[in-house]
Amino acid sequence: MAQLTGKVAWVTGAGSGIGEASALALASEGAAVVLTGRRTEALETVRAKIESKGGSAHVQAGDLMQSATAQRIAAWIQQTLGRLDILVNNAGLNIGQRAWGELTFEGADHVLGANLNNPFYCVIAALPLMRAQRGGVMIHTASWAGRYSSALTGPAYNAAKHGVVAMSETINMTECVHGIRSCALCPGEVATPILEKRPNPVSAEERARMVQAEDCADLIRYIACLPPHVCINEVLISPTWNRFYTAQLQQRL
Ligand SMILES: NC(=O)c1ccc[n+]([C@@H]2O[C@H](COP(=O)([O-])OP(=O)(O)OC[C@H]3O[C@@H](n4cnc5c(N)ncnc54)[C@H](OP(=O)(O)O)[C@@H]3O)[C@@H](O)[C@H]2O)c1
């Protein structure tokens, strides 16, 4: 039996990759899913996929680097759906010119805006709804880079994702007494469209060895279905063939 029937989930970055797979997974558990991203067309495609399987989805597009977008969508959820049980705070991006020496002011604003400001805005917008109903679960897609900085992911992305991990912990520190649970999901490399922005192209063989979007979605579905007295604070998930490790092994040889 579906475990999330009657629940409402807001998934950001739902038009592709981990967000799309999570939206499909949560909808298959019976949740009504609100889909956010900047590209309406991509979100409509996901909505159609969910509805073709008998699920319920709503498109609420917008740029989450603007706090007004998060406010507007949370207000829409409250007015239209009346509750918010699950926030998959997942939208994010990276840029090609990410290394010190080539990072611009605009690039830093873009990466920090999309990966740190945006998840903060969504938490601030979602919290009053969850507090009012004395419960809810937030799952933030941080990153392996939120635990271990790497040259590959770049300084702004590393800093933003470390910030998301800290943000999630602070939510548990105060919101646990309101029945709210927060999880920082820290994936290593996942084969999604974000890889197209890598300075070095990633081959099909390398992508096949990575974690897949559906693997993350399955984990997100699991966390969302846990009973209210259980909080998974943080999860680190990586490919078995972990290139952050294999690169070090090659250096040693
Ligand atoms: N793939 C990996 O190796 C990996 C590893 C660790 C963590 N992550 C994180 O996982 C999350 C999902 O990424 P993904 O790998 O699934 O890549 P993806 O397919 O590129 O998904 C990112 C999504 O975020 C949306 N988005 C980006 N900026 C936005 C904004 N300002 N406002 C609203 N939506 C925005 C994008 O849609 P629009 O362009 O339509 O807005 C896109 O659908 C990101 O936070 C990423 O940093 C990925």
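These legends walk through several close-up views of one predicted model. Residues are counted from 1 along each chain in the order its sequence is written. Because the model is predicted, local features need pLDDT of at least 70 and side-chain atom pairs count only at pLDDT 80 or more, while totals for chains, interfaces and linings use all residues.

**View 1. Strand β5, covered on both faces.** Here is β5, residues 136-141, with six of its six residues buried (20 or more other C-beta atoms within 10 Å of a residue's own, with C-beta atoms placed from the backbone; 12 or fewer is exposed, and in between is partly exposed). One side carries Gly136, Met138 and His140, and the other carries Val137, Ile139 and Thr141. Strands (E, at least two residues) and helices (H or I, at least four) are DSSP runs, numbered from the N terminus.

**View 2. The neighbours of β5: strands β4 and β6.** β4 (residues 86-89) runs parallel to β5, joined by four bridges; strands pair if DSSP finds at least two bridges between them. One of these bridges links Ile86 with Val137. To get from β4 to β5, the chain goes through helix α4 (residues 105-132) in a right-handed β-α-β crossover, that is, the path from the first strand over the helix to the second runs clockwise with the strands pointing away from the viewer. With β6 (residues 180-187), β5 shares six bridges, again in parallel, and Gly136 has Ile180 as its partner there. Helix α5 (residues 155-175) carries the chain from β5 to β6, also in a right-handed crossover.

**View 3. Helix α4 and its bend.** Follow the 28 residues of α4 and you cover 39 Å from first C-alpha to last, close to the expected 40 Å (1.5 Å times one less than the number of residues). At Gly113 the helix bends by about 45°, taken as the angle between axes fitted to the seven residues ending there and the seven starting there.

**View 4. Arg134, just after α4.** Arg134 sits in the loop between α4 and β5. Its phi is positive, about 55°, although it is not a glycine. Arg134 counts as exposed because it has 11 C-beta neighbours inside 10 Å.

**View 5. The shell around the ligand.** The ligand is surrounded by 30 residues, and the closest are Gly13, Gly17, Arg38, Arg39 and Gly92 (a residue is near if its C-beta atom, placed from the backbone, lies within 6 Å). Helices α1 (17-28) and α4 each give two or more residues to this shell.
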